[in-house]
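Reader: I would like a close look at one part of this assembly, the contact between two of its chains. Please take me through it in order, and add whatever helps to place it beside the rest.

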Amino acid sequence: MLYYIGAISLILIGLYAVLVKKNLLKIVIGLAIVDSGLNLLFIAIGYVKNATAPIFSSESLTADKMVDPVPQSLVLTAIVIGLAVTAVALGLVIRLYDHHKTLDINKIRQLKW
Amino acid sequence: MDWMAFLVSGLVLILIISAVFSIMQKDLLVAVIGTAAISVVLSILFYLLQAPDVALTEAAIGAALSTIIFLIAIKKTDRFEE
Amino acid sequence: MEFSPVHYIAVPLFAAFLIPLVGKVSKELVKLIPGLVLLYLSYGSIMLFPKGMENPIIEIIAGFKPPFGIALYYGATAAFLVTLVTLLGFVIWLYSYKFIIREPIEKYYMLFMLLITGATGIMLTGDIFNLFVFLEITAIASYSLTAFLRDKDSAEAAFKYLLIGSFSSAFFLLTVMILYTYTGTLNLADLASKADMIPANAKGFALLLVIVGMGIEAEIFPLNGWAPDAYSQAPSPIGAVFAGIVVKAAVYAFIRIIFLFFKTPEVLHFIVIIGLITLIIAEMAALRQHQIKRMLAFSSLGQMGLVILALGIGTTESTSAALFQMFNHAVIKAMLFFAAGYLVFHSGSKLIDSVTGLGYDKPITSFFFSLGALAIIGLPPFSGFWSKLNVLISIASEGEILIIVLILAASVVEAVYYLRIIGKLYTRKEIDSNPRRTPISGLLAMGILAIVIIVIGIYPDVLTQWLQPAAENLLNSEEYIQTGLF
Amino acid sequence: MRKAVAILLLGIFGYYFASIFLSLPFGEKREGVGKHYLENTISETGSVNTVTSIVVSYRGFDTLGEVTVLFLASTGLGAILFDVRRKKRNEQNASPIVRTTSTVFYPMIILLGAYVFVHGHLTPGGGFQGGAIIATGVLLMFMAYRKFEANHTLLSVIESLAGLTFVTVGLTGLIYGGSFLVNFLPLGTPNDLVSAGVIPIIYIAVGFKVGAELTVVLDDMLKTIR
Amino acid sequence: MIYFIVAVLSLALLFAVIRGINGPTASDRIVALDNLTTITTAALVLLGLFFERYIYVDVALIYGVLSFIGVLTMARYMGGGL
Amino acid sequence: MIYLEYLGYFFIVIGVVFLFLGALGIYRMPDVFTRMQAGTKATTLGALGTILGVGLVQPEWFWKTLIIALFIGISNPISSHAVARASHKSGLRPFVKKEDMDALADIKEAKEVK
C-alpha cells in the first residue's frame, strides 16, 4: 500500500515538473522521476507477501514462495529504455544550449502553429 | 514483519521529500543530487520488494550512470536556473 | 532459409549492426547496404503477401508458444501495411541516396534502418510489451532524425517531439501495467480473450491512457502539436518516412488495441468525432501556413484525421476505404515531400512564395509536385479520387450526412491551398536559372511513385481486391484471438 | 495560471489514478504467465534466475529491442552532437590520490562487470548491469586522467561484433531450432557456470555491447564544447 | 534486536536526509549523499542477512562500487574537473 | 560456533551505532569539513563493523563481505578527500578561528603561480 502511494506521488510530481517548469534540464529531471515512479509501481504490483526473489540458488526454494518475475523483467527493460531516452534528451539540451545560450524554454520557443 | 512497514514508511517519506526537493531547487546540481537520493531509496525499496535484479539495475543505472550524464549536461550548460 | 516474418526485423537489425564495420572500409558501401536490405525485404514481402492474405501466419520467437513467448502476427492487415512499408522504404532509400549529403551519412542510414525496423515491428508484433519496445525504437530514431540537420529549429522540434513522446510512452507503459495486473498476461490475443476480467473503472482509465498515449503517436487532434514541427524540420526523406511509415504503424497499433479491448459504440463514436475535429482543424491550419513543408505536414494531419474517422465508423466498407486512403496517403505524401525537398533546395528558401516561377526552370520536379497535389485533392484520374470516394460512400451508407458535408468542405479547403501552390509554380517570373539539377535517383524515386499513382488511379481493382480481407482481419477480433492463441 | 491549470489537471488525473491502484490488493498472489515461468524455468531454459530466463529466453525479442534502443541512443547522440565535438578535453587532472586509486580500481571494476554478466543466469544481474558497470569504470578513468582516450574504432568494432553475435545466435536458432532466438545448445545442470544453453553467450554479447555503447555515449557527451 | 537495528538505521538515514535538505551549500549535500550511500550499502548487507539469501550480497557490492564513482564524479564536477 | 554468531551480532550493533553517530555528526556539525570528518570516520567504521559482523554471523558469506568491507575502507576516504578538495576549490573555507590553519591554501596559490 505504502509503495503505491510513493509510486503515484513520484509520477505526479514528475508530471508536474514536466508541465510547469521552464528549465529544460528540470524537465528532463521530471521525466526521469516519472520513469522511476512507473518502475516502482510495477514492481510493487508483482510483489507477493512473505515470498522471496525468483532465483533458485539453493534446493530448498520452491516456486510457490516467489514473487512474480514478469514485472521485474519488464522493468529491467523499461529502466534501460528510460536511460536511452534521457541520454538523447540531454544531447538535445546541449545542442539547444549551443544555439541559444539559455535553458529557458520561453526564450527558446520559436516554432508556432 | 512490523519493522518492515516502519522502514518502508520512512523510505517512502524520504522518497517523496527528495522528489519535491529536487524539482523545487534552483541550483541544478542540487536537483541532480536529489535525483541520486531518489535512486538510492528506490534501490532499497526494490530490494525490500525482493527484486534484486531490478535493485542492481537501479543502482548501476540510476545511482551512477544517469546521475553522471546529468552532471555532464549541467557542466556543458548552465548550473543555475534563472 | 525460407522467408518468414521475423526477417523483417532481424535482417535490418543485422544490417544496422554491420554498417559501422563496413563504414571502416568504404563509405559508398554504407549507402548501398540499406538499399540491398530493403530490396530483399520487398522481394520477400511480395512472396509472403498472398500467403498472409489467405491465412494469418503466426511466427513463434524463441520456441515458446504464446502466451508464454512472444509471437509475431502476420495477418492480412499487417501483410498489407508491411508490404507497403518495405516498398515505400525502398523508394525513400532511392531518394535519400543523393539527397543526404551531410555528414554523418553512416549514422543517417543506421537510424533510417532502425526506424523502418521499429515501424514494421509495431505492425507485426503480437505482444503488448513488445509493442512498447518497438514504439520506443521508432520514437528514439525519430527524435534523432528530426534533429539530424542540427540547426536551431530542428533541435527545438526534436526536443518538443521528445517531450510529448515521453508522455506517450509513460502512458502506454501504464496501460501495459493495468492490463497485466488484471489479466496476468501480455500476449494481445490472450489479453483480448481475458478482457472481461478487467473491472469497469480500470478499463475506463486504460482507455483514457491508450487514447492519450497512442493518440500522440497517431497524431490525433489536441495531441499533435509536435507533428508539424518534426515534419517540417526533419530532412525531406524523413518527412516522407514520418508521413508514410511511422504514422501508419501508430494508427494501426492504436486501432488494433481499440478494436480488441474497447470496441463499444460510444468509443467508436468518440473516435469519429476526434477524427473529424483533427481533419477540420488541420486543414484550416494548413491554409494559413507560409512554409511549404509545414503546409504538407498539416495536410498530412488532415489526411490522418480522415483515416481515423473512417476507421471509427467501423464497417467493413469504411475500414477498407480507410486502408485504401492510408495507402494513397503514404504514396502521394511521400512524393509531395520528395518534390518539396528539391523545390526548397532549388529555391533556397522554405517559403511558399519563393517557388514562384520554378515550374519553368525545373519542369520535371514541378510536374511531379503538381501531380501529387492533384492526386491528394482527389481529382478523378488519380488514385486519391477512389479512396476518398470510397470513404464518402461508406459514410453515406451509414446515413451520416453532416459528416459528409464537413469532409467535402475540408476537401475544398485542401484544394484551395494546393491549387494556390500549383498556380504559383506556373506563374511566369524572371528568376535566374539555377544550375543545380535534381539528381537522377531522386527523379527515379518520384517517377516510380507517379506511375503507382496513375496506375492505381486507372485500375483501382489491382489494389481493392486485397483491401477486403485486410479490413475483415482488422475488424474481426474473434478470429484474431483464435489464430493468435492457436 | 499555467500552474493552476496543471495542478487541476494533475489533481483529477491523480484522483482517478489513485482510486484504481489503491483499491488493488497489495502482496497477493496472482494467476498468470508468471506462475508458468516460475514452475518451468529450470526444465525449459536451464537458467536458475527466472528473471534472466524471461529476459533472455522467453521474451528474448524484447531484449533484442532493448539492445537496439541503446544502440540507437549512442548512434542518435553521435548524430545530434556531431560537429560540436572537439579533439581534446582541457580539464585539469584529478589529485594524485584519486588518480592512483582510479588506476588500481579500473581493472577491478571491469572484472566486476565481467563477473556480473557471466553469472547472469545464476545471480542477480546480467548483460545490462555488467555493461553499465564497465562503462562506469571507464568513466572513472576519464575523470581521473585528462589524457585518457577511449579508442573509438575499437569501441565501435566491439559494439558491432556484439550486436552481430546476438542476431547471429538468433538466426542460427531459426535455422537449427525452427524459431528465432531458440535455445539450441544443451541446457546442462542447473546452477553450473556453463549451463542454460545460449543464455550466457547472449548475455556476454549484451554485456560487451552495452559497455561499449554507454562508453561511447559518455565520451560523446564529454567531448562537446565548453 | 532487529527492531533496534532498523530504528537506529532509519534515524541515521533521516539525519543524513535532513542535512541533505538543509545543507546550505552543494558540498554539504554531497557529503550527506555520500553518507547516505554508505549507510545504504551497510543496510543492504544487513537486509540480505535478514532475508537469508546469499546472492543479495552481490547487490550491495555493486552498489558500493557504483555509488562511490557517482560521488566522486560530483566532487570532480565541483572541483572543476570532469 | 555459536560464539561466532554472538560476536557477529555484537559487531553489527556496534556498527549500526557508529553509523547512527556518523549521521548525527553530519546533522550537528557546523561546516562542511567538520561534517565530512564525522561522516567519513564514524560511518566507515560503522559500515565496516556491520558488514564484517554479517560475515561472522554467516561464515560462508565471509569472503564476499570482506571484499565489500575492503572496498568501503578504501573508497570512502577517497571520495571524502575528493569532496574536501572540491569544496575548498569552490571557495568554502574551514570553520576556524585562526587564519593560517587552512593547510590547503598554499597548494592552491602554488598552482596558480605555476
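Author: What follows goes through the contact of chain D with chain C, then turns to the contact of chain B with chain A and to two loop residues.

The model is predicted, so confidence comes before geometry. Chain C has a mean pLDDT of 85, with 99% of its residues at 70 or more. Within chain C, helix H5 (residues 128-146) has the highest mean pLDDT of the elements, 90. The lowest mean, 78, belongs to helix H14 (residues 358-361) of chain C.

Now the contact itself. Chain C brings 59 residues to it and chain D brings 51. Together the two chains bury about 4,800 Å², and carbon and sulfur atoms account for 78% of that area. On the chain D side, three residues supply more of the buried area than any other three: Arg59(D), Phe61(D) and Leu72(D), which give 14% of what chain D buries against chain C.

Arg59(D) also appears in the list of charged pairs. Between chain D and chain C the count is 1 salt bridge. Asp127(C) and Arg59(D) form a salt bridge, with their closest N and O atoms 2.7 Å apart. Polar contacts across this interface come to 7 residue pairs, where both residues have pLDDT 80 or more.

Which helices of chain D each supply at least two residues of the side that touches chain C? They are helix H1 (2-21), helix H2 (33-45), helix H3 (50-58), helix H4 (60-80) and helix H7 (152-176) of chain D. H4(D) gives the most to that side, with 14 residues. Sorted by class, the side of chain D that touches chain C holds 27 nonpolar, 16 polar and 8 charged residues.

The contact of chain B with chain A can be set beside this one. Here 45 residues of chain A are in contact with 42 residues of chain B. The buried area is about 3,700 Å², and 79% of it comes from carbon and sulfur atoms. In chain B, the residues that lose the most area to chain A are Ile23(B), Leu49(B) and Phe70(B), which together make up 19% of what that side buries. For salt bridges, the count between chain B and chain A is 0. Polar contacts are found for 5 residue pairs across the interface of chain B and chain A, both residues being at pLDDT 80 or more. On the side of chain B that touches chain A, at least two residues come from each of helix H1 (2-24), helix H2 (28-48) and helix H3 (52-76) of chain B. The residues of that side are 28 nonpolar, 8 polar and 6 charged.

Two loop residues remain, and both concern the backbone. Most residues other than glycine have a negative phi. Lys101(A) has a positive phi, near 60°, and sits in the loop between helix H3 (69-100) and helix H4 (105-108) of chain A. Lys101(A) counts as exposed because its relative accessibility is 54%, and the cut-off for exposed is over 50%. In chain E, Glu52(E) has a positive phi near 55°. The loop that holds Glu52(E) lies between helix H2 (26-51) and helix H3 (56-78) of chain E. With a relative accessibility of 59%, Glu52(E) therefore counts as exposed.

How values were computed: Residues numbered from 1 in each chain as written. Chains lettered and ligands numbered in written order. Predicted model: local features only at pLDDT ≥ 70, side-chain atom pairs only at ≥ 80, totals over all residues. Heavy atoms only, no water. pLDDT = per-residue confidence, 0-100. Helix = DSSP H or I, 4+ residues; strand = E, 2+ residues; numbered from the N terminus. Contact = heavy atoms within 4.5 Å. Buried area = accessible area lost by both parts, 1.4 Å probe. Salt bridge = Lys/Arg side-chain N within 4 Å of Asp/Glu carboxyl O. Polar contact = N/O pair within 3.5 Å; in protein donor to acceptor, adjacent residues only side chain to side chain. Nonpolar A, V, L, I, M, F, W, Y, C, P; charged D, E, K, R; others polar. Buried < 20%, exposed > 50% of the residue type's maximum accessible area, 1.4 Å probe, protein only.
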